[in-house]
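Dear colleague,

I am handing over the structure we spoke about, and below it you will find my notes on what was found. Please read them with the structure open beside you.

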Amino acid sequence: MCVRPVDHSSLANLDEVTTTHLHLDWTICFTKKVFDGSVTLDLLTLKDNVTKVVLDASYLDIKKVLYLNDQELKFKVGERRGALGSPVTIDLPEPFANSTSFQIKIVYTTTPECTAVQYLTPEQTLGGKHPFLFSQCEAIHARSFVPCQDSPAVKLTYSANVTSPLPVVMSALDRGSRREPTGGVTYTFHQPIKIPTYLICIASGNIASRELSDRCKVLAEPEMVDAVAWEFEDTDKFLSTAEGVLTPYEWHRYDILILPPSYPYGGMENPCLTFATPTLIAGDRSSINVVIHEISHSWMGNLVTTKTWEHFWLNEGHTKFIERKVLGRLYGQPTADLDAIIGLKALRESINQYGENSPATVLQPDLSGGGDPDDFFSSVPYEKGFNMLHFVEETVGGPAIFEPFVTSYVQEFAGKSITTQDWKDYLYRYMEEHHGQDVINRLNTIDFDAWIHQPGHLPVAPSFDTSLADASYALADRWNAARHQADFSAFSPKDVDGFTTAQLVVHLERISDQEAYPYEALAAMDQLYGWSQRKSPEIKFRWQMVTLKASYEPIYPAVVSFVTEQGRMKYVRPLYRSLAKAKGDGQALARSTYLAHRSFYHPICAQLLAKDLGLA
Ligand SMILES: CC/C=C\C/C=C\C[C@@H](O)/C=C/C=C/C=C\[C@@H](O)CCCC(=O)O
Ligand SMILES: [Zn+2]
């Protein structure tokens with residue numbers, strides 16, 4: 001009997017065979033924008049009479065497949081199926097019985113169409129002298145740099161030998177390097193903990209590092225590495241706090257690599273080596289929550305992993321939950337609640353963007369259509385997931401009861417890939433064993449179907465501590481009342497004295513929830529609070545959203561600058577969409593800006609922007 005659920009985002013025969021280890025041998029060619037080499041897969045059959053291995057692949061040039069080092073196996077690359085890529089079907093030399101271990105080696109090169117990797121010219125880097133490349137594999141882009149079972153249901157160890165003219169880093173432990181007589185250096189890596197393929201990553205470029213502690217360091221181009229070290233000085237403290245919430249950190253190293261500006265996400269939890277955007281380096285340590293978020297993934301996602309992309313909320317909802325526990329432990333509950341308030345706004349935006357009845361707003365969406373999981377990326381799995389966990393915590397009796405459950409959940413499922421049903425079954429089992437019928441009765445009052453399977457807003461509105469948000473709201477209310485005045489002398493720069501970046505963000509979000517402001521009021525706000533001059537990208541983003549809502553044309557050049565100097569999708573996608581909706585030449589400007597700068601963006605971002613702007 002097959003107990004593995006179907007992964008609609010993989011074309012591999014996951015029910016017949018699984019991968020236990022993956023070894024990469026790559027030579028990087030920056031000029032051709034390819035990796036040349038091979039992958040050796042350690043495979044294990046899961047049933048009798050297995051005659052083939054089907055792997056996920058996307059835009060790969062497969063040269064040959066070897067069994068026992070020298071026996072060539074027949075293979076066929078199937079028709080491309082959209083974002084899922086092209087299955088590679090490999091005929092085994094004979095039918096294999098259940099539990100047979102065997103190795104196959106696939107010799108291949110990537111192609112410039114690879115969606116996981118972005119190659120940057122020297123001009124696109126800070127130093128301006130060397131090229132740079134980096135990958136982003138989540139959700140299903142690993143198949144574009146290695147033929148594999150590209151499903152989070154499969155967890156494997158991996159190793160790699162990568163030859164490059166420039167330093168290489170990966171989501172694994174560093175096992176040294178050797179200079180090649182033919183040029184370049186071969187870097188060796190080993191990841192001894194089982195991970196899904198979406199957590200394999202690579203970057204190569206002029207990378208320098210600074211140690212933060214005996215298990216943490218930061219890496220970046222040399223021109224900014226000191227600023228990064230300052231910004232993230234407290235990383236080990238965050239890690240220890242997360243260990244206090246959960247279990248000891250298992251991955252040995254926790255390093256952070258700051259990528260060039262086109263990096264498409266705030267951060268990516270690649271094990272041992274978080275990848276992050278340089279927009280976090282604001283010089284004020286205001287983005288440490290992203291580091292705490294990526295650290296929290298060390299347990300949520302990286303140890304306990306979603307089985308398919310439908311259950312992605314298990315990774316992100318739990319990570320948000322732990323992130324806010326760490327924030328609360330370090331800076332107090334009001335700070336954690338302010339972060340949750342910002343998250344709620346992001347959730348509302350996502351739901352409004354898709355539409356309240358959209359299947360994309362369901363916590364556990366249906367991906368059986370085989371579409372692109374990237375199209376489902378939004379705040380829903382993060383914030384609906386977080387809010388469901390928060391609600392369960394309140395319902396069962398608070399942190400004293402729920403936090404030990406969360407730790408136990410990690411211990412129970414570490415190393416495994418699970419579904420929402422596994423989570424829910426364990427929740428009931430744990431609560432029954434530890435707290436009895438009273439808590440089960442409380443759990444039974446929760447409408448899990450509404451939380452997990454219904455579209456739209458939260459079934460139960462949360463109430464967070466607003467002590468830090470109240471001043472932000474009050475100032476926004478004053479502006480709302482004064483919106484049509486000709487004289488704004490009742491306002492002063494002192495209005496925002498003492499506001500943290502998060503409080504400024506909450507204020508601007510409240511302003512953006514209000515009806516669009518007249519130009520005069522926007523100009524007055526900008527003059528009083530210097531919004532346009534602020535360095536923080538979090539503030540810049542919110543201010544640009546407020547002004548675009550009013551089609552405030554003086555902001556258009558600043559928006560164009562911001563969306564072309566960094567490629568973080570959290571900022572560029574809403575800004576492009578709002579610019580395209582803005583009056584005047586908004587739509588033409590959005591499209592022409594995108595077309596002129598397409599190559600600046602990571603392939604994932606470029607493709608989503610094209611869809612957003614109706615250019616795909
Ligand atoms: C329910 C959703 C179903 C499928 C989506 C699955 C995967 C999403 C995929 O597109 C990749 C996600 C990668 C995320 C990486 C990092 C984020 O946590 C960054 C958050 C945004 C930011 O801060 O910039
Ligand atoms: Zn995350």
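H297 is buried, because 24 other C-beta atoms lie within 10 Å of its own. Please keep in mind that this is a predicted model, and that what follows was computed from it or, where I say so, taken from a UniProt record.

H297 sits in the loop that joins helix 3 (288-296) to strand 21 (305-306), and, once its neighbours within four places in sequence are left aside, its contacts are E269, N302 and T319. The unreviewed UniProt entry carries a "binding site" annotation that covers H297 together with H293 and E316. These residues span 24 residues in sequence, yet no two of their C-alpha atoms are more than 9.1 Å apart, so they gather at one spot.

E316 belongs to helix 4 (residues 312-331), and it too counts as buried, because there are 26 C-beta neighbours inside 10 Å. Not counting residues up to four places away in sequence, E316 touches P381, Y382 and G385.

The unreviewed UniProt entry also lists, under "binding site", a further set of residues, among them Q136, Y265, G267, E269, R568 and M569. Of these I looked at Y265 and G267 in more detail.

Y265 is found in the loop between strand 18 (254-258) and strand 19 (267-268), and it is buried, since 22 other C-beta atoms lie within 10 Å. With neighbours within four places in sequence left aside, the contacts of Y265 are Q136, T277, R568 and M569; Q136, R568 and M569 are themselves on the UniProt list that includes Y265.

G267, for its part, lies in strand 19 and is buried, with 23 other C-beta atoms within 10 Å. Beyond its neighbours within four places in sequence, G267 is in contact with T274, F275, A276, V290, H293 and E294, and H293 is one of the residues that the annotation shared with H297 and E316 covers.

Turning to the packing of helices, the axes of helix 5 (residues 333-354) and helix 11 (residues 501-513) come within 10 Å and cross at roughly 30°, which means that helix 5 is roughly parallel to helix 11. The crossing of these two helices is left-handed. On the side of helix 5 the contact involves L338, D339, I341, I342 and K345, which meet A502, V505, V506 and E509 in helix 11; the residues of this contact divide into 6 nonpolar, no polar and 3 charged.

With best regards

Definitions and conventions. Residues numbered from 1 in each chain as written. Chains lettered and ligands numbered in written order. Predicted model: local features only at pLDDT ≥ 70, side-chain atom pairs only at ≥ 80, totals over all residues. UniProt positions renumbered as here; feature names shortened; annotations may be inferred. Helix = DSSP H or I, 4+ residues; strand = E, 2+ residues; numbered from the N terminus. Buried ≥ 20, exposed ≤ 12 C-beta atoms within 10 Å, placed from the backbone. Contact = placed C-beta atoms within 7 Å. Axes fitted to C-alpha atoms, helices over the stretch in contact; angles between N-to-C directions. Parallel < 35°, antiparallel > 145°, perpendicular 65-115°, else oblique. Left-handed = near helix turned anticlockwise from the far one by under 90°. Nonpolar A, V, L, I, M, F, W, Y, C, P; charged D, E, K, R; others polar.
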